[in-house]
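Hi,

Here's the structure I promised to pass on. Have a look at it first, and then read my notes underneath.

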Amino acid sequence: MDLFTPKKPPLIGVDISSTAVKLLQLVQVGGRYRVEHYAVEALPPNAVVEKNIVEVEAVGEAIRRAYNRSGAKTKTAAAAVAGSAVITKVIPMPGDLSDEDMEAQIQIEANQYIPYPIEEVSLDFEVLGPIKDNPEMVNVLLAASRTENVDLRVAALDLGGLTAKVMDVEAFAMENAFRLVADQLSVPKDAVVAMVDVGATMTTLIVLKNQRTIYSREQVFGGKQLTDEVMRRYGLSYEEAGLAKRQGGLPESYESEALEPFKDAMAQQISRLLQFFFAGSEYSRVDQIVLAGGCASIPGAADKVEEHMGVPCVIANPLADMSLSGRVQAQSLMQDAPALMIACGLALRSFD
């Protein structure tokens, strides 16, 4: 037992999406994860537009409300920027460089790949491992984002009473959480799996092989289109439409007039995203689709995608094998589980 090794401070995963702030803290008990604290807090319309924070005070206030409601005591957090705000590049480097030398070399190399002045950019890198045919060299993943993207998230967390310790990329957080759903799949570990997170305004696809991301892409599409249609068709406000979608109470015609066409559109969007992947890679199919995000909870959504694509589709539940602390409401957590992939991937950074 490492009695004298200081423990890393636990992190709260904070996923800032276009319509809500999702907050999740995990602990490890006897080799199993436990959901210790969790809360989802709605954001005002247009506080975040296509993953860009527009009203930092409104986001900070939502984080504060979620934090207070969750009952968490930890003040350190992990958040993420959208993949569309990040440039990633795998570059070869000599394997014998020290961390300091590698960092200095990365700064020089980055100028070639980043279309912004280097002083306006936040950089990070991760050594992926030796190059197959040249063991003296290693592949290094470079990730860069404009500093303002990072600063806005840090400021929102700060206003919410939290300190940003880790700033991740949403697609990386999804990959990190994927290991929690891998055992729920009906395909071998080396299969090609598409995980699709359909949120309120953005859909993020990551394709994994051997549980590592080989492709990612984002597209503007999400549940807000269904909300807008409900508002237009039934004369409801944004808040009323969102509530009616979740709790019911809409006319019988809702399913045939609004819900079914939306599910068709969602299946088509996923098909389109995968076509981009097939066109630019050696693959022509995926073995399984994992549907995540708020729209995964729509009844029949996974069946519609499976029918459209001819590929088995399951709904993501990264929390399925976890125990829950007494303060967590099991029913609402299970309802939100498919939308918590990014928050979960961020919360797992506590154990890296």
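Two strands count as paired here if DSSP finds at least two bridges between them. The model is a predicted one, by the way.

With that in mind, β1 (residues 12–16) and β2 (residues 20–29) are an antiparallel pair, joined over four bridges. If you want a spot to click on, Asp15 sits opposite Lys22 in β2.

Those two strands belong to an open, six-stranded sheet that runs β10-β6-β1-β2-β3-β16, and its pairing is mixed. At the edges you'll find β10 (163–169) and β16 (323–324), each of which pairs on one side only.

Now for the helices on that sheet. α1 (residues 56–70) packs on it and touches β1, β2 and β3 (32–42), with a direction at about 135° to that of β3. α3 (residues 147–159) also packs on the sheet, but its contacts are with β1, β6 (76–81) and β10, and its direction makes about 145° with that of β6.

There's a helix pair to look at too. α7 (residues 254–279) packs against α8 (residues 301–309) at about 50°, and their axes are 9 Å apart. Angles under 35 degrees would count as roughly parallel and 65 to 115 as roughly perpendicular, so α7 and α8 are oblique to each other. The crossing is right-handed.

Which residues meet there? On the α7 side they include Glu260, Lys263, Met266, Ile270 and Leu274, while α8 brings Ala301, Lys304, Val305, His308 and Met309. Sorted by type, the residues of this contact come out as seven nonpolar, three polar and four charged.

Cheers

How values were computed
Residues numbered from 1 in each chain as written. Predicted model: local features only at pLDDT ≥ 70, side-chain atom pairs only at ≥ 80, totals over all residues. Heavy atoms only, no water. Axes fitted to C-alpha atoms, helices over the stretch in contact; angles between N-to-C directions. Parallel < 35°, antiparallel > 145°, perpendicular 65-115°, else oblique. Left-handed = near helix turned anticlockwise from the far one by under 90°. Contact = heavy atoms within 4.5 Å. Nonpolar A, V, L, I, M, F, W, Y, C, P; charged D, E, K, R; others polar.
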